[in-house]
Amino acid sequence: MQVPAPFEYERATSVDHALELLARLGPEARLLAGGHSLLPMMKLRLATPEYLIDLDGLAGELGYIRAETTTSGSPPSEVRIGAMTRHRELLESELLAGTLAIFGDAERMIADPVVRNRGTIGGGLCQADPAEDLSAVCAAVDARLVIRGCDNERTVDMGEFYRGPYATAVGAGEMLVEIRVPLRPASGSAYEKVDRRVGDWAVAAAAASVSLSHGTIGSAGIALTAVGADVRSTEAEELLAGQLPSDELFARAGQLAAEACSPATDQRGSAEYKRHVVGVLTLRALQRATARALREAQSCR
Amino acid sequence: MQVTVSVNGEEYTRYVEPRLLLVHFLRDELELTGTHWGCDTSNCGTCVVLMDGEPVKSCTVLAATAAGHEIRTVEGLALDGVLDPVQQGFTEEHGLQCGFCTPGMMLTARALLDRNPDPTDQEIREAISGQICRCTGYGTIVRSIRWAAEHATDEIVS
């Protein structure tokens, strides 16, 4: 029987209450979101917090996906996602399907429908598992993450947020509360993943976003999952900026992304195989993101 | 700690360790052993119960978290001695061999049909994709759920 080590349990009733509890209980307290990363870690005794602060009651306060408009009359400038939004809500969101299809691409392949009923975006990002999908998604679409403490709030990008496997910028006494994704005109995004069986962690995956400007690529975002890559594949991104989209260009970007990452040989495949997969998936993600950007550019006219 | 969990419409209060998982609360504290305990790693899905009507893997939910939610287990499927159409479907279409995955499969089926009364076979397969039948009786499980969808009018609404 796998059972977590003993801990004291507190139930947060609001974000403020959770932050108060964090401040009071100190560094041996951990936040419990959907529980589908932390509880398995606790069963394996890889995590042995003295206190668990259950955020289940915050599913209302921090469970939302909404478009934000900065100036009235103009189209929405960003999508805001509460940290306790569950995978299933991300998958079923019409707003995300229409503006940031990459989330649906990724969610369809995260674990299984039952796990998606509990797991949350904030929990997944804070777990920072190198094979976790939404970190690459958020990096590719320039997401900004809102971290709150008792008397401070700061916003960081994924480059600052992700500090390596299982480590994030969320400090003692702080919690991730919101993910903000900018909406750009004539843009599209996509996620491509290879796994060994349905619902498994990625062998490798690629996230891409493309913004078009007069038919050329204004800017592109590329991020990889599970292959020891930097938070973003900057060489590949730089190659794309200002270029006319083409399959040949995308293949070269895929090659650059593959060269820059450092996959490890393990039970999911050899490093050589994973590197090959990264090249192909980056190409496909760019093709699909661009096709979506073109459709959006046409519908805006 | 003291927890009060609503299971199949009845409230149960018990003193438990905070680390007690919902699956063991149901089986050991309430002696509702219809919920099966399998892989412990949220992979196999035999421990699925409904939490506010949606399937969850009860090996990866604390009993303390379940407090304040409505839990429904396989013992709560039949109402007043009348089988749920899903249970009837599993009987009619031979939806089980060893029966180990059956409670979880039936609860996921119930939740699916509550949201989508006439699912395609693909939608049924997707819905149960987080659950493993090691007798590999998936074909008959899909047919059982199909049967339940086609006989939904027999359902007793709780």
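1. A good place to start is the sheet in chain A of this predicted model. Here 5 strands are arranged in the order β4-β5-β8-β6-β7, forming an open sheet with antiparallel pairing. Two strands, β4 (65-68) and β7 (153-157) of chain A, stand at the edges; each has a single partner strand, so one side of each is left without a neighbour in the sheet. From one strand to the next, the twist averages 25°.

2. Let us look at one pairing within that sheet. Strand β5 (residues 78-82) of chain A pairs with strand β8 (residues 175-182) of chain A over 5 bridges, in the antiparallel sense. If you would like a spot to find on screen, try Ile81(A), which stands opposite Ile179(A) in β8(A).

3. Next comes a helix that meets this sheet. Which strands does α1(A) lie across? They are β6 (144-148) and β8 of chain A, and the helix runs at about 130° to β8(A).

4. The domains of chain A put this helix in context. The chain is divided into domain 1 (8-55), domain 2 (65-182) and domain 3 (187-300). Between domain 1 of chain A and domain 2 of chain A, the C-alpha centres lie 20 Å apart. Their contact involves 13 residues of domain 1 of chain A and 18 residues of domain 2 of chain A. On the domain 1 side, helix α1 (residues 15-25) of chain A gives the largest share, 5 residues. That side of domain 1 of chain A has 9 nonpolar and 4 polar residues, with no charged ones.

5. Chain B has its own domain assignment, with domain 1 (2-76) and domain 2 (85-152). The centres of these two domains of chain B, taken over C-alpha atoms, are separated by 21 Å. Domain 1 of chain B brings 14 residues to their contact and domain 2 of chain B brings 13 residues. On the domain 1 side, β3 (48-51) and β4 (54-57) of chain B each supply at least two residues, and β3(B) has the largest share with 3 residues. By class, this side of domain 1 of chain B divides into 7 nonpolar, 6 polar and 1 charged.

6. Finally, how many residues does each chain give to the contact between them? Chain A gives 24 residues and chain B gives 22 residues. On the side of chain A that touches chain B, β1 (8-11), α2 (38-43), β3 (51-54) and α6 (113-116) of chain A are the elements giving two or more residues. This side of chain A holds 13 nonpolar, 5 polar and 6 charged residues.

Note on methods: Residues are numbered from 1 along each chain as its sequence is written. Chains are lettered from A and ligands numbered from 1 in the order in which they are written. This is a predicted model: local features need pLDDT of at least 70, side-chain atom pairs count only at pLDDT 80 or more; totals for chains, interfaces and linings use all residues. Two residues are in contact if their C-beta atoms, placed from the backbone, lie within 7 Å. Helices (H or I, at least four residues) and strands (E, at least two) are DSSP runs, numbered from the N terminus. Ala, Val, Leu, Ile, Met, Phe, Trp, Tyr, Cys and Pro count as nonpolar, Asp, Glu, Lys and Arg as charged, and the others, Gly among them, as polar. Domain bounds come from an automatic or database domain assignment. Two strands pair if DSSP finds at least two bridges between them. Axes are lines fitted to C-alpha atoms, for helices over the stretch in contact, and angles run from 0 to 180 degrees between N-to-C directions.
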